[in-house]
Amino acid sequence: MKRPFIYIHMLTSLDGKIWGEFTKLPEETTAAPFFKEIGFGHDYWNMDANLSGTNTALNDYTYHNAPDLNDKAQIVPPGDFIAVKEAERYSFVLDRNGILGYQKNEIFYAGVHSHIVDIITEKVSNEYKDFLRRKNVSYIICGKEEINYDVMFEKMVDFFGVKVLSVAGGGTLNWTFLRKGYVDEVGFVVVPGADGATSTPQLFMAKEGWSEEIPVSFEFIEAKVDNRSGAIWLHYKVKKVWQKDEWIKEFGLGPKDFVSADNSGK
């Protein structure tokens with residue numbers, strides 16, 4: 001399968017959250033330049049594109065605006081629509097149902113203008129594709145009902161020349177990509193703060209029908225401390241994606257009994 005090098009780069013609280021009240025802490029604000037420098041600069045991964053899930057785009061890109069659809073729109077030409085061929089950077093967004101109401105065709109983040117590429121499926125309406133064209137937002141069609149990631153990666157490479165892709169989920173997107181074996185490395189900046197919330201998203205989240213609660217193991221690469229904020233960056237290589245049958249055969253299901261293990265003599 002043709003695909004770019006893929007890494008996950010996130011900012012989390014001490015309790016593993018990626019969104020919530022902790023983001024208002026002064027420590028989080030102070031850690032932001034450290035987070036951006038590592039994940040979006042040129043010293044580590046030197047990425048040329050990032051990928052976000054629908055929920056992330058709703059919150060951070062479109063602010064829950066609905067698309068301005070024209071029910072009298074003419075039939076658009078078939079196939080993909082490439083509005084900008086040589087952007088400074090690309091921001092790909094998973095949007096299989098065609099619901100994101102973009103107000104502009106780029107995101108300005110970490111000092112870089114990133115052209116938006118909406119990733120849709122064949123079921124998306126003509127009216128929505130017309131909307132994207134009017135906004136000069138590129139789109140690529142990847143799959144019939146659900147997004148075909150193999151097709152998506154191939155188009156990223158062939159159409160846009162993507163070599164290094166940053167995945168910035170959504171915990172569901174992060175875990176889905178990890179479980180599918182797409183991710184090469186994981187890095188995350190841990191802010192010295194927490195909010196104890198139980199209803200906000202975390203770094204990795206399994207979702208029924210998308211991914212399983214079967215472990216993935218990692219190999220440590222490096223760590224770096226930001227002395228200004230007290231945040232720490234942890235950097236890992238993906239070591240092993242355990243398959244369900246393999247895991248059950250080796251360990252069974254259910255949490256480890258630590259008391260029994262400590263007194264087993266092994």
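I began at Asp130, which counts as buried at 13% relative accessibility. The cut-off I kept in mind is that buried means under 20% relative accessible area. One caution for my notes before going on: this is a predicted model.

**Entry: around Asp130**

I looked for the charged partner of Asp130 and found Arg134, the two side chains meeting in a salt bridge of 2.9 Å, N to O. Both residues sit in helix H3 (residues 126-134), 4 residues apart, so about one helical turn separates them. Arg134 is partly exposed, with a relative accessible area of 42%, while Asp130 is buried. I then asked myself which residues are linked with Arg134 in a network of salt bridges. They are Asp68 and Asp130.

**Entry: salt bridges at the start of the chain**

Next I wanted the total, and the count comes to 11 salt bridges. I picked out two that involve the beginning of the chain.

Asp158 forms a salt bridge with Lys2, and their closest N and O atoms are 2.8 Å apart. This pair links distant parts of the chain, since Asp158 belongs to helix H4 (residues 149-160) and Lys2 to the segment before strand E1 (5-12), 156 residues apart. I checked how open the two ends are. Asp158 is partly exposed, with a relative accessible area of 43%, and Lys2 also counts as partly exposed, at 40%.

Arg3 has a salt bridge too, with Asp184, and here the closest N and O atoms are 3.0 Å apart. Which parts does this pair tie together? Arg3 lies in the segment before E1 and Asp184 in the loop between helix H5 (171-179) and strand E8 (185-190), so the pair joins parts that are 181 residues apart in sequence. Arg3 is partly exposed at 26% relative accessible area, and Asp184 is partly exposed at 22%.

**Entry: two buried charges without a salt bridge**

I turned to charged residues that lack such a partner, beginning with Asp118 in strand E5 (residues 112-120). Asp118 is buried yet has no salt bridge, and the nearest side chain of opposite charge, Lys129, is 11 Å away. What does the side chain of Asp118 meet in a polar contact? I found Tyr128, at 3.4 Å. Leaving out residues up to four places away in sequence, I noted that Asp118 touches Val93, Asp95, Leu100, Tyr102, Tyr128, Leu132, Val137, Ser138, Tyr139 and Ile140.

My other case is Arg89, found in strand E3. Arg89 is buried and has no salt bridge, with Glu88 as the nearest side chain of opposite charge, 6.9 Å away. A salt bridge needs a nitrogen and an oxygen within 4 Å, so I could not count this pair. Beyond its neighbours within four places in sequence, Arg89 is in contact with Phe40, Met47, Asp48, Ala49, Val112, His113, Ser114 and His115.

**Entry: helix H5**

Is H5 enclosed or open to the outside? I found 8 of its 9 residues buried, so H5 is largely enclosed by the rest of the structure. The buried ones are Gly171, Leu173, Asn174, Trp175, Thr176, Phe177, Leu178 and Arg179. After H5 comes Gly181, whose phi is positive, near 80°.

**Entry: the largest pocket**

I looked up the largest pocket and noted about 1500 Å³ of space in it. Of the 48 residues that line it, the closest to its centre are Thr56, Asp60, Ala168, Gly169 and Gly170. Which elements give two or more residues to the lining? I listed E1, helix H1 (26-40), strand E2 (49-52), helix H2 (54-60), strand E3 (89-94), strand E4 (106-109), E5 and H5.

**Entry: unusual backbone angles**

My last check was on phi angles. Most residues other than glycine have a negative phi. Against that background I noted Tyr63, which has a positive phi of about 50° although it is not a glycine. Tyr63 lies in the loop between H2 and E3 and is exposed, with a relative accessible area of 58%. His64 is not a glycine either, and its phi is positive, about 65°. I placed His64 in the loop between H2 and E3, where it is exposed at 53% relative accessible area.

Notes. Residues are numbered from 1 along each chain as its sequence is written. This is a predicted model: local features need pLDDT of at least 70, side-chain atom pairs count only at pLDDT 80 or more; totals for chains, interfaces and linings use all residues. Side-chain values use heavy atoms; hydrogens and water are left out. Buried means under 20% relative accessible area, exposed over 50%, partly exposed in between (1.4 Å probe, protein chains only). Lys and Arg count as positive and Asp and Glu as negative; His and the chain ends are not counted. A polar contact is a pair of N or O atoms within 3.5 Å; within protein, one must be able to donate a hydrogen and the other to accept it, and residues adjacent in sequence count only if both atoms are side-chain atoms. Contact means heavy atoms within 4.5 Å. On a 1 Å grid over the protein atoms alone, a cavity is a set of points where a 1.4 Å probe fits but cannot get out, and a pocket is an open set with protein on both sides within 12 Å along at least five of seven lines; lining residues have an atom within 4 Å of a point. Grid points are joined across faces, edges and corners, and a volume is the space filled by probe spheres set on the points.
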